[in-house]
Amino acid sequence: MSHQHQALPTDGSLHADCANCFGLCCVALPFAASADFAVDKDAGQPCTNLLADFRCGIHSQLRERGFPGCTVFDCFGAGQKVSQLTFGGKDWRQAPRTARQMFAVFPVMRQLHELLWYLTEALALQAAKPVHEDLRTALEDTERLTRGSADEITEIDVAALRQDINTLLLRTSELVRSKVAGRKKNHRGADLIGATLRGADLRGANLRGAYLIAADLRGADLRSADVIGADFRNTDLRGADLTGAIFLTQAQLNAAKGDSTTKLPVALARPAHW
């Protein structure tokens, strides 16, 4: 059966555009008082720092004011999609009756957009060409889901969708990492909290879901390493080489420590606090 291809989402559509969002991450999601957040907040309750125009009142001082968790969050463009497409540009203050549904749609949409990010990256990897057709189909199907009604979106079985797509992402990872010569380290899901990995050769390593919190990766070589879901909170990446790291996200970088000598993939930005 023939499959007509739609255009891939543009790069910009998978980056947060806060100016076109109704502060959804500041309202829809809960957070607990911790090292990441100064206070407790329930899901659906607006953050006390959210202004009337949906901007953050302490945006330039989030880390100093005890909200570093906000600086590492990335909606992958889901906020503006929900605000402008799903709900047609009508905000939850204008239409309070839509608020609960809007806040329920947002976390689902964020997961869909995260999957779109990974699929888009996988399609850009030449080594993954054997699965490009399947990846493109998955991307188009997922993109179609994001354009459904609010009711349709909240009924999506995201766990099942993630499982199906993860099979393709795993295959992508294997194809890319197989191009790296030598034996590759397998640290999938490993507890590497505080580990000393300074200067480590992690080229082509499997770091999927690894706990790298506060690990020392100064000068480490992570080229072509699969880092999907790896926890980089306070990981020291100064001087590390992350060029070509597979499925690395801006949120992971924002959670880590680095400097001007950290080498990054071209699609990602050097965090302002480095």
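Which residues does D221 touch, not counting residues up to four places away in sequence? In this predicted model, D221 touches A200, D201, L202, R203 and D241 under that restriction. D221 lies in the loop between α6 and α7, and with a relative accessible area of 15% it is buried, because the value falls under 20%. The side chain of D221 is also joined to that of R223 by a polar contact of 2.6 Å.

R203, one of the residues touched by D221, is placed in the loop between α6 and α7 (250–255). Its relative accessible area is 37%, so R203 is classed as partly exposed. The side chain of R203 makes a polar contact of 2.8 Å with the side chain of D201, and D201 is itself among the residues that D221 touches. When neighbours within four places in sequence are set aside, the contacts of R203 are V180, K184, D221 and R223. R223 is thus in contact with R203 and in polar contact with D221 through its side chain. Between the C-alpha atoms of R203 and Q252, which are 49 residues apart along the chain, the separation is 18 Å.

Three further residues of this loop were examined. N206 is located in the loop between α6 and α7 and counts as buried, at 8% relative accessibility. Apart from neighbours within four places in sequence, N206 is in contact with R177, K185, N186, H187, R188 and D226. Of these, R177 belongs to the buried residues of α6. A214, in the loop between α6 and α7, has a phi near 60°, a positive value in a residue other than glycine. F247 is also found in the loop between α6 and α7, and its phi, near 65°, is likewise positive in a residue other than glycine. The burial of these two residues is as follows: A214 counts as partly exposed at 44% relative accessibility, whereas F247 counts as buried at 0%.

Helix α6 (residues 158–177) has 20 residues, which at 1.5 Å a residue should span 28 Å; the end C-alpha atoms are 27 Å apart, in agreement with that expectation. The buried residues of α6 are V158, L161, I165, L168, L169, T172, S173, L175, V176 and R177. Their cover includes α3 and α4 (132–146).

In α4, the distance from the first C-alpha to the last is 21 Å for 15 residues, close to the 21 Å expected at 1.5 Å a residue. H132, L135, A138, L139, E140, T142, E143 and T146 are the buried residues of α4. These pack against α2 (78–86), α3, α5 (150–154) and α6. Helix α3 is therefore involved in covering the buried residues of α6 and in packing against those of α4.

The 25 residues of α3 should span 36 Å at 1.5 Å a residue, and the end C-alpha atoms are 36 Å apart, which agrees. In α3, 19 of the 25 residues are buried, so the helix is largely enclosed by the rest of the structure.

Helix α3 (residues 99–123) also contributes to a pocket, providing three residues, the largest share of the lining of the second largest pocket. About 410 Å³ of space lies in this second largest pocket. The lining comprises 21 residues, of which W117, T120, E121, A124 and A267 are the closest to the pocket centre. By residue class, the lining of the second largest pocket divides into 14 nonpolar, four polar and three charged residues.

In the segment before α1 (68–71), F31 was considered. F31 counts as buried at 11% relative accessibility. The residues that F31 touches, not counting those up to four places away in sequence, are F37, V39, D40, K41, C47 and F67. The C-alpha atoms of F31 and D42 are separated by 6.7 Å, although the two residues are eleven apart along the chain.

How values were computed: Residues numbered from 1 in each chain as written. Predicted model: local features only at pLDDT ≥ 70, side-chain atom pairs only at ≥ 80, totals over all residues. Heavy atoms only, no water. 1 Å grid on protein atoms, 1.4 Å probe; cavity = no way out; pocket = protein on both sides within 12 Å on 5 of 7 lines; lining within 4 Å. Points joined across faces, edges and corners; volume = space filled by probe spheres on them. Helix = DSSP H or I, 4+ residues; strand = E, 2+ residues; numbered from the N terminus. Nonpolar A, V, L, I, M, F, W, Y, C, P; charged D, E, K, R; others polar. Expected span 1.5 Å × (residues − 1). Buried < 20%, exposed > 50% of the residue type's maximum accessible area, 1.4 Å probe, protein only. Contact = heavy atoms within 4.5 Å. Polar contact = N/O pair within 3.5 Å; in protein donor to acceptor, adjacent residues only side chain to side chain.
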